[in-house]
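Biologist: Please take a close look at a single part of this model. Pick one helix and what surrounds it, and follow it into the core.

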Amino acid sequence: MSWHAIWHEIFNFEDYGALLGLVRTSLVAGAVLGLVGGLAGTFVVMRDLAFAVHGISELSFAGAAAALLLGASVAAGSVAGALAAAALIGVLGARARDRGSAIGVLMPFGLGLGVLFLSLYKGRSANKFGLLTGQIVAIDTPRLSWLLATSAVVLVCLAVMWRPLAFASLDADVAAARGVPVRALSTAFMLVLGLAVAVSVQVVGALLVLALICTPAAAAVRVTASPVLVPVLSTVLATVSVVGGILLSIGSSIPISPYVTTVSFLLYGACRAAGAVRARRGWTGRRGAARLDTVPT
């Protein structure tokens with residue numbers, strides 16, 4: 001295949017206007033998930049839970065694959081798997097040093113179950129592939145309603161626990177001394193994170209969910225240490241990544257995930273470069289801000 005044919009396969013803008021009208025539902029879903037991923041990702045980065053996100057996505061994939069095999073709701077299966085993973089990680093990895101081992105045990109187990117269920121499934125291969133790479137362009141009104149409802153639960157929970165969770169994420173010992181229920185907050189956030197991962201898996205698939213929940217927040221902390229600006233910038237970057245990925249992929253037969261992950265990575269690279277320039281000029285030192293190349297834990 002020639003380079004021209006490859007480029008045309010990746011970026012095809014023929015009849016773009018007509019195709020754009022067919023993905024309005026997907027654009028709404030992308031914008032909502034950008035909000036969810038950006039806000040949840042702020043705490044993922046603060047609490048160093050990127051590995052946990054990947055572990056949850058593997059069991060979310062297993063739950064979705066099991067539902068696909070049984071003819072049940074794939075979305076419900078994805079949520080069930082994600083919540084089970086979040087609960088197990090919260091129980092088995094109550095201490096930070098134990099969390100990595102617990103996730104390392106759950107990840108291959110979840111991925112193995114998912115592969116088993118997909119191997120037994122005899123339906124359309126596109127359904128199998130979509131669990132790994134996402135199918136946001138195929139989101140219809142019922143699926144959008146489910147996505148909006150789940151996202152609303154995540155956003156309400158984050159709003160309720162935001163201040164104490166931020167306190168506990170920055171300094172758990174001081175927060176506990178002040179009466180903040182640190183352990184209960186940690187467990188509650190893991191469950192909320194499970195829901196956020198489950199809805200995100202519907203967009204970019206189980207294998208690439210980190211690009212939606214982790215990369216935007218990691219990019220945001222490169223350019224600011226403000227507790228207000230980090231979640232705002234993270235949300236903006238996540239939304240641009242998802243919506244931009246959808247707009248780029250409309251005319252292509254390639255799954256949505258490569259576009260979302262590429263846009264997300266490019267934005268991270270730009271933020272990292274901007275942070276390096278700021279640090280080199282001494283802006284952070286003169287203003288007494290936290291270092292931009294560190295993440296509070």
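Modeller: Gly71 takes a positive phi of about 80°, just after helix H4. Helices here are DSSP runs of H or I, at least four residues, numbered from the N terminus. This is a predicted model: local features need pLDDT of at least 70, side-chain atom pairs count only at pLDDT 80 or more, and totals for chains, interfaces and linings use all residues. Residues are numbered from 1 along each chain as its sequence is written, and side-chain values use heavy atoms, with hydrogens and water left out.

H4 itself spans residues 50-70. From first C-alpha to last, its 21 residues reach 31 Å. That is close to the expected 30 Å, taken as 1.5 Å times one less than the number of residues. H4 is mostly covered, with 17 of its 21 residues buried; buried means under 20% relative accessible area with a 1.4 Å probe, protein chains only.

H4 also gives two or more residues to the largest nonpolar core. Such a core is a set of buried Ala, Val, Leu, Ile, Met, Phe, Trp, Tyr and Cys residues joined through side-chain atoms within 4.5 Å. This one has 69 residues. Ile56, Phe189, Leu193 and Ile213 touch the most other members. Other contributing elements include H3, H5, H6 and H8. H10 (182-204) gives the most, with 13 residues.

Now Ile213. Leaving out residues up to four places away in sequence, Ile213 touches Gly37, Gly41, Val44, Val53, Leu193, Ala196, Val197 and Ser200. Contact means heavy atoms within 4.5 Å.

Notes:
Buried means under 20% relative accessible area, exposed over 50%, partly exposed in between (1.4 Å probe, protein chains only).
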